[in-house]
Amino acid sequence: MVQPRRIDGARSFARGKPSLVAIGNFDGVHLGHRAVLERAERAAHEKGLALVVLTFHPHPSEVLGRGRLAVLTPIERKVELLCRVAPELQVVVEPFTMELASMSPKAFAEELLARDLSARVVVVGQNFRFGKDRAGDLHLLEELGKSLAFEARAEPLAGDQDGTFSSSRIRACIAEGDLEAARRLLGRPHSLSGRVIRGDGRGRKIGVPTANLDGVLEALPPYGVYACLVDRIDDRGAVRVSTGVANIGERPTFGAGFSVEVHLHDFDGDLYGERLRVHLVERIRPEMKFDGVEALVARIRADIETARRTTEHEKPDPAALGAWS
């Protein structure tokens with residue numbers, strides 16, 4: 001029987017072959033994460049271990065009442081990107097609950113790592129904390145590992161001249177509108193995803209139909225207009241649809257309120273109810289209020305042409321199997 005790539009809950013893991021377990025949030029699955037996992041893959045292969053990523057959902061801050069964190073990658077996207085790192089990697093998504101939060105460090109190591117995941121090597125970040133009140137650290141994990149037959153070790157993240165590759169650094173780039181820097185750290189454009197819902201139909205009335213996205217969880221850049229690449233997502237994965245131009249903001253000309261909407265180049269079809277992933281390539285301009293519909297339409301058409309030129313040399317990522325990225 002072939003083990004699924006995503007496993008919901010460590011107790012559902014089919015214990016058999018001992019494993020190397022890499023623990024982390026892995027938001028963004030950026031270049032630093034990928035470097036750690038590639039080293040873990042080599043170590044797992046050398047030791048004859050199964051390669052397992054243990055991550056948590058929802059984010060602990062949400063469950064513990066600290067508020068929802070704008071993510072780089074919702075859980076489905078995170079799992080998809082993690083599975084691209086290594087062909088045999090399995091992702092265990094452990095539900096983060098108050099029960100898990102109250103588990104002692106010793107119980108966490110005994111039950112999740114040693115018993116459920118058959119861990120022989122556990123890889124964590126240098127600042128890893130675990131167990132009730134975050135009482136456990138790397139030193140304690142190493143000590144627990146001695147009695148539970150696993151080796152614990154910390155892996156530093158890679159970096160560049162500006163610092164360590166990190167999810168918080170990427171979020172800061174996005175918040176500042178520096179999509180080029182975010183793309184460099186992620187290894188791909190930052191994307192937003194959501195389901196297409198019916199809007200007020202104003203775009204179609206002015207000759208520029210747009211798909212309005214609902215349920216966007218990812219970190220937003222500053223309001224404005226962006227050149228983008230658009231994929232459609234279904235249960236089988238993602239497939240490339242078109243290039244386009246996205247508008248993020250309050251639509252001040254009409255006072256229409258916040259939206260994330262995208263106009264797809266050379267596309268004429270019904271997308272209502274579909275899930276789209278919009279990869280943001282470059283900011284074209286900030287959000288602006290126009291004197292009337294005529295001025296707005298003229299600028300939108302100019303934005304569309306700018307977006308076409310910006311995206312004309314973009315190529316799909318071979319690892320995305322038919323999608324842009």
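**Stop 1: the largest nonpolar core**

In this predicted model, the largest nonpolar core has 30 residues. Select Ile23, Leu54, Phe108, Leu113, Leu141 and Phe150, the residues with the most contacts inside this core. Now colour the elements that feed into it: strand E2 (19–23), strand E3 (50–57), helix H4 (98–101), H5, E5 and H6 each supply at least two of its residues. H5 gives the most, with 6 residues. As background for what you see here, nonpolar side chains in soluble globular proteins tend to be buried together.

A second core, of 24 residues, lies apart from this one; select Ala40, Leu81, Leu82 and Val85, which are among its members.

**Stop 2: Phe150**

Zoom in on Phe150. Which residues touch Phe150, leaving aside its neighbours within four places in sequence? Show Ala109, Leu113, Ala119, Arg120, Val121, Val122, Leu141, Leu144 and Gly145, and you have the list.

**Stop 3: helix H6**

Next, select residues 138–148, which form helix H6. Leu141, Leu144, Gly145 and Leu148 are buried here. Turn the view to look down the helix axis: these buried residues fall within an arc of 110°, so they line one face of H6. The general rule is that an α-helix has 3.6 residues a turn, so residues three or four places apart point the same way.

What does the buried side of H6 pack against? Display helix H5 (105–116), strand E5 (119–124) and strand E6 (151–154), and you will find its partners. Then rotate to the face turned away from the buried side, where His139, Lys146 and Ser147 are exposed.

Look at both ends too. At the start of H6, a side-chain oxygen of Asp137 comes to within 3.3 Å of the backbone nitrogen of His139. After the helix comes Ala149, with a positive phi near 65°.

**Stop 4: three loops**

Move to the loop between E3 and helix H2 (60–63), where you will find Pro58. The peptide bond leading from His57 to Pro58 is cis, and its omega is near -5°.

Now select Ser118, in the loop between H5 and E5. Ser118 is not a glycine, yet its phi is positive, near 50°. Is Ser118 buried or exposed? Its relative accessibility is 11%, so Ser118 counts as buried, the cut-off being under 20%.

Finish at Asp266, in the loop between strand E13 (259–264) and strand E14 (275–286). Asp266 is another residue other than glycine with a positive phi, near 55°. Switch on the surface here: Asp266 is exposed, with a relative accessible area of 70%.

How values were computed: Residues numbered from 1 in each chain as written. Predicted model: local features only at pLDDT ≥ 70, side-chain atom pairs only at ≥ 80, totals over all residues. Heavy atoms only, no water. Buried < 20%, exposed > 50% of the residue type's maximum accessible area, 1.4 Å probe, protein only. Helix = DSSP H or I, 4+ residues; strand = E, 2+ residues; numbered from the N terminus. Arc of directions from axis to C-beta. Contact = heavy atoms within 4.5 Å. Polar contact = N/O pair within 3.5 Å; in protein donor to acceptor, adjacent residues only side chain to side chain. Core = buried A, V, L, I, M, F, W, Y, C linked by side-chain atoms within 4.5 Å.
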